[in-house]
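These are my notebook entries on what I looked up in this structure, written down in the order in which I went through it. I keep each entry to one topic.

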Amino acid sequence: MTNFPPLSKTAATEAEQLVARAASVPPRPVDPASWDELVARAAMRPTRDARLIPAFMLAVAAGVGVVMLFSRPAPIPPAQPGLQLVATAATKWTQTSPSTVVLSAGRLSMVRAGEVRIETPHAVIEAHQSRFLAEVISSGTSLVVEEGEVVLRSGSVTRTVRAGESLVWPPSPEIPARLLDTPPVEERCSTSPAGERRSCLEAEAVNGSLDAQAALYELGVLEAKSGRSERAVEAWQQSLRRFPEGVLHPEVRLALLVELVRARRFTEAENAAQDFEKACADDPRRAEVGTLKALLSGH
Amino acid sequence: MRAHTFREDLHERRHFEGVYLALDAVDRAVTLDEIKGVYFAHAAELRQAMARLAPELDADDLLQELFLIVLRNPGQLSAVDSPRAWLYGIALKLATTRRRTARARRFFGLEVADATPSIDSSSRSLEQRDAQRRIAKALESLSATKRETFVLFELQGLSGAEVAQALGVPEKTVWTRLHQTRKEVLAALERQLLVEARTSGLTRGEIQP
């Protein structure tokens, strides 16, 4: 955009001529006496219209009132008598007395409150002025304490859980050390890159040879070490379905049993122990399996 | 003979005993006579400009307020390159502020709106008065920045550089604004002429005074 002359110098249309005509109006000269008036006015302290002050204060007060109206905090609800708890979806619980809750499944979050007693299928939890989570699953009750102190009772056993601690009840049975000895098996697919070993083993497990048995066993071991318990169990169960009398079936049965115990799937573990006793009557580890089965039956 | 500084000048004048002035701002010798010279050189056109920018307000009052500001900030007058553009800059701010204050006063019922807005009454002819009236009407629909740019350049005859200094914007911005504003003003004037011709039954040529 370049500079251009004013319309008054280039007026062509009627509208432009109007502008030129208005621009040609000379300013009215100022009265020489106005300078003296100005100097006299400058000598006075400037004043403000006092009538504006109440109007201004009124406007400020109205503004403050509006702000207070909208920013007034919501009244704090009075404390509710009884327990204060939060239950997740699908939690099954009932309150049997002002301070007692029966929790059969799901998770409850207890807000810091007075005396509270929670009854689960596995234990009784007692607390006072504590904040904690209690969760019931099929294999037990877990407890995570965030504030205060919580007492868990089961039969004659009493455990005290403090803030920052957690507990799962009943505890997993101790697995005999002999059952944890992994048999030396020739490593398969060991040359495959780390991310491709699983697919290599899965590919090897397709045929019906001895290699397939070893591949399925190793696949389960790989999944268990990676923390994928479900997939490890699936691999070994598949192995037992396909090769119930295979050369590796005792090792597969033991690995499955141990993994089920670690995953707190006690009922399935007990069945797996029973299957082992039937299928491997002459196995030297049968006694340890019997011991573990006895512990599992107590859960 | 050494010229009196503005401060000394004030002390010598009884009018200024107890005067409320920001004397700390004086960093150069500025005499009251210098300010008087500036006043008589530019007061008339500044009053005309403020009458065009704020037609509902008293232009004489605005002019006095403008020069009260100058008297209270004498140091700034000596520091600017173009006193004319600087004065126009103050005039623009003053007109805007006073228009806003007047609206507030009317809102609180402290002031009644002037039913007949006054245009600087220096028109010399009927044609000029009619042109003033039409331009004032056309300027009503413009935004403040466009109105200020148009008035300063087209009506008051400031150069592009002076308008830029008065508005505190780059000169390029002034030309861009002017380009757009010209179109809007001329279109508004054309509409006025057309509407008047239709309602009067005359041709556009016939309605010219």
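**Entry 1: aromatic pairs.** I started with the aromatic rings, and over all chains of this predicted model the structure holds 6 aromatic pairs. The one I looked up in detail is formed by Phe4(A) and Phe153(B), whose ring centres are 6.4 Å apart and whose planes stand at 85 degrees, so I noted the pair as edge-to-face. The reasoning rests on a cut-off, because planes over 60 degrees apart count as edge-to-face. I then asked myself where the two rings lie. Phe4(A) is in the segment before helix H1 (7-10) of chain A, while Phe153(B) belongs to helix H7 of chain B, so this pair joins two chains.

**Entry 2: helix H7 of chain B and its neighbour H8.** Since Phe153(B) had led me to H7(B), I went on to the packing of that helix. In general, two packed helices are described by the angle between their axes and the distance between the axes. For H7(B) and helix H8 (residues 160-167) of chain B, I wrote down an angle of about 145 degrees, with the axes 10 Å apart, and a crossing that is right-handed. Which residues meet there? From H7(B) they are Glu148(B), Thr149(B), Leu152(B) and Phe153(B), and from H8(B) they are Gly160(B), Val163(B), Ala166(B) and Leu167(B). Sorted by kind, the residues of this contact are 5 nonpolar, 2 polar and 1 charged. Phe153(B) therefore appears twice in my notes, once in the ring pair with Phe4(A) and once in the contact with H8(B).

**Entry 3: helix H6 against H7.** Next I turned to helix H6 (residues 126-140) of chain B, whose axis comes within 10 Å of the axis of H7 (residues 144-155) and crosses the latter at roughly 150 degrees. That angle makes H6(B) roughly antiparallel to H7(B), because angles over 145 degrees count as roughly antiparallel. H6(B) passes H7(B) in a right-handed crossing. The contact is made by Ile135(B), Leu139(B) and Glu140(B) on the H6(B) side, and by Arg147(B), Phe150(B), Val151(B) and Leu155(B) on the H7(B) side. I sorted these residues too, and the contact of H6(B) with H7(B) has 5 nonpolar, no polar and 2 charged residues.

**Entry 4: strand E3 of chain A and its partners.** I moved to chain A and asked which strands pair with E3(A) in the antiparallel sense, E1(A) being one of them. Strand E1 (residues 85-87) pairs with strand E3 (residues 100-110) over 3 bridges, and in E3(A) the bridge partner of Val86(A) is Ser109(A). Strand E2 (residues 92-97) also runs antiparallel to E3(A), joined to E3(A) by 5 bridges, and a hairpin connects E2(A) to E3(A) through 2 residues. Along this pairing, Thr94(A) stands opposite Val102(A), and Lys92(A) stands opposite Ala105(A). Strand E4 (residues 115-119) pairs with E3(A) in the parallel sense over 3 bridges, with Val101(A) opposite Ile118(A). Strand E6 (residues 131-137) is antiparallel to E3(A) over 5 bridges, and there Met110(A) stands opposite Phe132(A).

**Entry 5: from E6 on to E10.** I followed E6(A) to strand E7 (residues 140-147), with which E6(A) pairs in the antiparallel sense over 7 bridges. The two strands form a hairpin with 2 residues between them, and in E7(A) the bridge partner of Leu133(A) is Val144(A). E7(A) in turn pairs with E10(A), antiparallel and over 4 bridges, and Leu143(A) stands opposite Leu167(A) in E10(A).

**Entry 6: two backbone details in chain A.** Last, I looked at loops. Where does Ala90(A) lie? The place of Ala90(A) is in the loop between E1 and E2, and this residue has a positive phi of about 70 degrees although it is not a glycine. The other detail is the peptide bond from Trp169(A) to Pro170(A), which is cis, with omega near -5 degrees. Pro170(A) lies in the loop between strand E10 (166-169) and helix H5 (197-204).

Conventions:
Residues are numbered from 1 along each chain as its sequence is written. Chains are lettered from A and ligands numbered from 1 in the order in which they are written. This is a predicted model: local features need pLDDT of at least 70, side-chain atom pairs count only at pLDDT 80 or more; totals for chains, interfaces and linings use all residues. Side-chain values use heavy atoms; hydrogens and water are left out. Axes are lines fitted to C-alpha atoms, for helices over the stretch in contact, and angles run from 0 to 180 degrees between N-to-C directions. Angles under 35 degrees count as roughly parallel, over 145 as roughly antiparallel, 65 to 115 as roughly perpendicular and the rest as oblique. A crossing is left-handed if the near helix is turned anticlockwise from the far one by less than a right angle, and right-handed if clockwise. Contact means heavy atoms within 4.5 Å. Ala, Val, Leu, Ile, Met, Phe, Trp, Tyr, Cys and Pro count as nonpolar, Asp, Glu, Lys and Arg as charged, and the others, Gly among them, as polar. Two strands pair if DSSP finds at least two bridges between them. Rings of Phe, Tyr and Trp (its six-membered ring) pair if their centres lie within 6.5 Å; planes under 30 degrees apart count as stacked, over 60 as edge-to-face and the rest as tilted.
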